[in-house]
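Visitor: Could you show me how to read a few side-chain features here?
Guide: Sure, let's look together.

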Amino acid sequence: MDNESPNGLASVWKEQPVQRAEVSLDQLRLRSRKLDRRVWWRNLREYAASVAVIGTFGYYIWRFPAPMVRLGCALVVAGVLFMVHSLHTRGAARTVPTEMAFRSCLEFHREQLERQRDLLRGVWRWYLLPLVPGMAVFLFGLLLWTLEQPHAPAHTRAIVITFFLTAVACGLVFVGIGKLNQWAARKLQREIDALDALGRES
Amino acid sequence: METESNPAGTSRQDELYEEAASAFGPPLERLARGYEADPTRRRDLLQEVHLALWQSLASFDGRCSLRTWVYRVAHNVATSHMIRDRRFNARTLVGLDEVDPPSTEQDGERLVDQHLALEKLVRLIHQLAPVDRQVILSYLEGLDAVSIAEITGISPGNVATKIHRIKNVLARRFHDGGRHGQ
């Protein structure tokens, strides 16, 4: 057989030895249940973390007397609730196997890239931004409250500098994450455009 | 969703899966090889394909042939696997026109050994972007342009053009023993 010609290579490809991976129906059912459990635990972990944050800031609302600190806490709780809602919506959009059969490879590939792109574009908006107002008001309220304490005047400058340095560091991290995500999203958009061009040719 | 069981205790979904696994078991293994080089990850990918196939067959309504259904699910699972894979993002995948011949110590020699030819072919496939990979793998499985078009979503004319390019690339890369461009 001529292994070098395209037809010969097709034969080489089809005649390659394969180890038949026997996958029984019981194994598939077990794997399916395991997969569902993994998703359930992942969701539970995310929700548990949210409950912990809400509990902590809920306690602060009750604990701190300063109105601005309490307002900041309430905004953080609202931000976390928004995040939980977004997570729930995102989780519900998980691809189900039937969709893989109803869509051509081109459509499916495009959807996958689009989903990743939107996720990258949105992370900053729905994962970080909702916490910014609450954290800013909370920290600023905490600063004012600290300065009002009897021992504060001796440390005023140090407290203010620490507060601003923390705020700037947080801001830089947020902006950095946002820029990186935008860069990755643009890269995916180029792939989507290439698929679109191929689809138009079809 | 078809979930009715027959007297033997298997549902229509189970029967369809067994039929598909029996008919397309070896092609699915070869398909997994075309997407994943690492044997352990390839085994995982193959199991993922089988699981998705079984789950999807609960909704099989005959709108396309079982073969098209199986290949669509398999390619789409494998493409998702590629997208998820971090290495995919770190490595540039190319189209058929840009693919480089894998550099091997055997370059320049005639590839009379099937094993070497296969290894070289697999390395070439692993350089390809998903769409070209779907077409070349389907072509190697002996599918015609119309069937490939139905699976991939590219027009039959476009598939035919791609197959023509594939043949050229294969003939050039393998007949020249990798001395393309000389």
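Visitor: How many disulfides does the structure hold over all chains?
Guide: First, the ground rules: this is a predicted model, where local features need pLDDT of at least 70, side-chain atom pairs count only at pLDDT 80 or more, and totals for chains, interfaces and linings use all residues. Side-chain values use heavy atoms, with hydrogens and water left out. In general, a disulfide is a covalent bond between the sulfur atoms of two cysteines. The cut-off is a pair of cysteine sulfur atoms within 2.5 Å, and the structure holds 0 over all chains.

Visitor: Why is Cys73(A) without a bond?
Guide: Its closest cysteine sulfur, in Cys170(A), is 16 Å away, too far for a bond. For Cys105(A), the nearest one is that of Cys64(B), at 11 Å.

Visitor: What about aromatic pairs: how many are there over all chains?
Guide: Rings of Phe, Tyr and Trp (its six-membered ring) pair if their centres lie within 6.5 Å; planes under 30 degrees apart are stacked, over 60 edge-to-face, the rest tilted. The search finds 13 such pairs over all chains. Among them, Phe57(A) and Tyr60(A) are edge-to-face, 5.5 Å centre to centre with 75° between the planes.

Visitor: Where do Phe57(A) and Phe138(A) lie?
Guide: Phe57(A) is in helix H2 of chain A and Phe138(A) in helix H6 (residues 132-147), so their pair ties together parts 81 residues apart in sequence. Helices here are DSSP runs (H or I, at least four residues), numbered from the N terminus. Both residues are buried, meaning under 20% relative accessible area (1.4 Å probe, protein chains only).

Definitions and conventions:
Residues numbered from 1 in each chain as written. Chains lettered and ligands numbered in written order. Helix = DSSP H or I, 4+ residues; strand = E, 2+ residues; numbered from the N terminus. Buried < 20%, exposed > 50% of the residue type's maximum accessible area, 1.4 Å probe, protein only.
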